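Okay, thanks for staying on, everyone. I've got one structure to walk you through today, so let me put it up on the screen.

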Amino acid sequence: MRSVSVLGLAAVLTGLGLSGAAAQPIVFDEIRGGLYAHSIDEGSFDASRIEDANVELLFSIPSLDEVTLLGQLRPHIGATINLGGLESMLYAGMSWTVPLGDTPIFVEAAFGGAVHNGELEGAEYPMRDLGCRVLFHESLSLGVNITEQASIMATVEHASHGSICEGDNRGLTNLGVRVGWKF
């Protein structure tokens with residue numbers, strides 16, 4: 001494992017309350033990537049909407065493993081890039097990965113924040129009015145560990161402002177498949 005010093009990640013961790021005495025060396029733990037269908041909440045799944053590329057980096061902080069009762073809590077940073085000219089976002093937060101018993105199956109919930117390049121208001125379809133430049137970002141995954149290093153997961157991610165700013169709050173929901181590689 002390699003230690004990583006990322007100023008932006010340190011700022012996120014400080015904002016999440018992981019500064020001071022609780023701060024520990026951050027270790028690069030896993031990389032994930034995959035494809036998403038963009039803006040699936042418009043109705044049924046449409047394969048023609050598969051136009052987002054996702055990449056995510058996960059890190060471990062040894063002291064978090066000591067306080068997490070179930071599973072593993074890890075900081076993450078990532079990007080979902082739309083290849084069709086629609087909304088893209090950069091995000092960061094915390095992921096909580098929970099194994100399902102003695103099986104290779106796991107579930108994961110993530111929460112944090114995102115910044116996007118989409119419209120705030122007055123967007124023309126298929127763009128979305130997102131209301132604020134900074135959004136909440138959450139995701140949920142169901143995955144399978146194929147080996148000790150490799151995994152595959154179905155993931156749904158959502159970003160919206162949660163009514164903390166004025167303007168429309170249409171949000172953005174993407175659905176896809178990712179593969180992960182642990183170091």
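Let's start with V107, which sits in strand 5. Keep in mind that what you're looking at is a predicted model. Is V107 buried, partly exposed or exposed? It's partly exposed, because its relative accessible area comes out at 30%. And it has company: V107 belongs to a nonpolar patch on the surface, together with L100, I105, L142, V144, I146, I152, V177 and V179. Taken together, those residues offer about 700 Å² of accessible area. If you want to find the patch by element, look at strand 5 (105-116), strand 6 (134-145) and strand 8 (172-182), which each give two or more residues to it.

One of those patch residues, V177, takes us over to strand 1. V177 in strand 8 stands opposite L35. Strand 1 and strand 8 run antiparallel, and eight bridges join them. Strand 1 also pairs with strand 2, again in the antiparallel sense, this time over ten bridges. To give you one example there, Y36 has D52 in strand 2 as its bridge partner. So how many of the eleven residues of strand 1 are buried? Eight are, so strand 1 is largely enclosed by the rest of the structure.

Now for the charges, and this is the part I'd like you to look at with me. How many salt bridges does the structure hold? Seven. Let me follow a few of them as a chain. Begin with E30, which forms a salt bridge with R32, with the closest N and O atoms 3.0 Å apart. Where does E30 stand on accessibility? It counts as buried, because its relative accessible area is 0%. R32 is buried too, at 2%.

R32 then has a second partner: its side chain meets that of E56 in a salt bridge, at 3.6 Å from N to O. Here we're crossing between strands, with R32 in strand 1 (residues 27-37) and E56 in strand 2 (residues 50-60), 24 residues apart. E56 has a relative accessible area of 3%, so this one is buried as well.

And E56 carries on to R178, in a salt bridge of 3.3 Å, N to O. That link goes from strand 2 to strand 8, and the two residues are 122 residues apart. R178 is buried, with a relative accessible area of 0%. If you step back, the residues I've just named are part of a network of salt bridges that links D29, E30, R32, E56, R74, E108 and R178.

Next, cysteines. A search of the whole structure turns up one disulfide. It's between C132 and C165, and the sulfur atoms are 1.4 Å apart in this model. Which parts of the chain does the pair tie together? C132 is in the loop between strand 5 and strand 6, and C165 is in the loop between strand 7 (150-160) and strand 8, so the bond ties together parts that are 33 residues apart in sequence. For those of you thinking about accessibility, C132 counts as buried at 11%, while C165 counts as partly exposed at 23%.

Last topic: the rings. There are three aromatic pairs in the structure. Take F28 and F183 to begin with: their ring centres are 5.0 Å apart and their planes sit at 35°, so that pair is tilted. F28 lies in strand 1 and F183 in the segment after strand 8, so the pair ties together parts that are 155 residues apart in sequence. F28 is buried, at 8% relative accessible area, whereas F183 is partly exposed, at 45%.

Another pair is F111 with F136, and this one is stacked, at 5.8 Å centre to centre with 25° between the planes. F111 is in strand 5 and F136 in strand 6, 25 residues apart. Both count as partly exposed: F111 has a relative accessible area of 47%, and F136 has 31%.

One more thing before we stop. F28 and F183 also share an aromatic cluster with F59. So, going back to strand 1: that's where you'll find F28 from the aromatic cluster and R32 from the salt bridges, in a strand where eight of the eleven residues are buried. Okay, that's me done, over to you.

How values were computed
Residues are numbered from 1 along each chain as its sequence is written. This is a predicted model: local features need pLDDT of at least 70, side-chain atom pairs count only at pLDDT 80 or more; totals for chains, interfaces and linings use all residues. Side-chain values use heavy atoms; hydrogens and water are left out. Patches are made of residues with over 30% relative accessible area and no salt bridge: like charges are joined within 9 Å, nonpolar side chains (Val, Leu, Ile, Met, Phe, Trp, Tyr) within 5 Å. Accessible areas come from the Shrake-Rupley method with a 1.4 Å probe; for residues, only the protein chains shown count as cover. A salt bridge is a side-chain nitrogen of Lys or Arg within 4 Å of a carboxyl oxygen of Asp or Glu. Helices (H or I, at least four residues) and strands (E, at least two) are DSSP runs, numbered from the N terminus. Buried means under 20% relative accessible area, exposed over 50%, partly exposed in between (1.4 Å probe, protein chains only). A disulfide is a pair of cysteine sulfur atoms within 2.5 Å. Two strands pair if DSSP finds at least two bridges between them. Rings of Phe, Tyr and Trp (its six-membered ring) pair if their centres lie within 6.5 Å; planes under 30 degrees apart count as stacked, over 60 as edge-to-face and the rest as tilted.
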